[in-house]
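Biologist: Please take me through one part of this model in detail: the sheet, what packs on it, and the metal site.

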Amino acid sequence: MTKVLELTKEQLNRMKDFYRDDLKDNDNEHVYFAVKSCPIMAYNSGKVVFQGPKGLNEYNMWIEIFDMVDDIIKKDIIYYSPSIGSDEVGKGDYFGPLVVCACYVNKHAMDKVRDLRISDSKKRTDDRIRKLAKEIKDDVTYSLLVLSNEKYNDLVNKGFSVTKMMSILHNKAITNLVDKLNYKGDIYIDQFAEPGVYFNYVKQEPKVTRNVHFTTKAESKHSSVAVASILARYKYLLEMDRLSDEIGFTLPKGAGDIVDQTIAKIITEHGIEKLKTISKFSFANTEKAKKYLT
Ligand code: MN
């Protein structure tokens, strides 16, 4: 276990003074001092490295003395701070809509978010998503937008890129929520485009929310994005249930070979016009499915 502190010269000297009877001989020009009885190494840069259980003890003492916050705790504080987050689902799935959710998690809902261990994203099966969404949806405020396959295909024909559609939907969902709550706090988008690209795509919109942070892997950094992601995924699953009922069998997610086989089956049983109402028709899968048509 290694812990690192970044200290000022003053703090470094205070620490050196504390260990003055316990210093190692040092001939490394980058090392400011090293402690004899414990694996602590202080560098001229201000970096101090603590190692092992003994080092951890000393590290804990020093963050208390200097009134610092441990990085892991800092991350945790940020993760559970109230904010608006937005995320989308379905952009890589041939079947089913594109769903975008913006979600505000307030202080009140945070205890529940903690209890549900929402940050634990690796174990999220579809069943877990359904469970989590039902547990949390009444405790948070959200705006959920569903772009149907008909609309999606229509926009593709009009020359829209998926990134443009997503930009418009994210802005709309966020703006809905900001207006509804008269919100002034932090807003995080799980980044899917450069800010310049995003704002260029939304410039024609009636209302644009400008003070948004674009964050990569935002789900693991802000609980609001994690909850938005869960609610979007849940809505997508419900839509897939509905479309599967319509078709008479379970539609696969994703865009793999099983999707190509399913496309062929749908064309044979329902015709290509029906396919257009449940799919992102411009995906390469439509072409690839031809080899399964007899
Ligand atoms: Mn995302």
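Modeller: Contact here means heavy atoms within 4.5 Å, and angles run from 0 to 180 degrees between N-to-C directions. With that in hand, helix α9 (residues 223–247) lies across β5, β6, β7 and β8 and runs at about 35° to β5. This is a predicted model.

The sheet under that helix is open and has 5 strands, in the order β7-β6-β5-β8-β9, with mixed pairing. The edges are taken by β7 (141–147) and β9 (213–215); each has a single partner strand, so one side of each is left without a neighbour in the sheet. On average, neighbouring strands are turned by 20° against each other, direction ignored. Helix α7 (residues 162–181) also packs on the sheet, where α7 touches β5, β6, β7 and β8 (187–190). The direction of α7 makes about 150° with that of β7.

Within the sheet, strands pair through backbone hydrogen bonds, either parallel or antiparallel. For strand β5 (residues 83–89) and strand β6 (residues 98–105), the sense is antiparallel, over 7 bridges. Ser 83 stands opposite Val 105 in β6.

Strand β5 also leads to the metal site. The manganese ion has Asp 87 (OD) and Asp 190 (OD) as its protein donors, lying 2.1 to 2.2 Å from the ion. Asp 87 lies in strand β5 and Asp 190 in strand β8, so the pair ties together parts that are 103 residues apart in sequence. Both Asp 87 and Asp 190 are buried, which here means under 20% relative accessible area.

Terms used:
Residues numbered from 1 in each chain as written. Predicted model: local features only at pLDDT ≥ 70, side-chain atom pairs only at ≥ 80, totals over all residues. Heavy atoms only, no water. Pairing = 2+ DSSP bridges. Helix = DSSP H or I, 4+ residues; strand = E, 2+ residues; numbered from the N terminus. Donors = N, O, S within 2.8 Å, 3.2 Å for Na, K, Ca; no water. Buried < 20%, exposed > 50% of the residue type's maximum accessible area, 1.4 Å probe, protein only.
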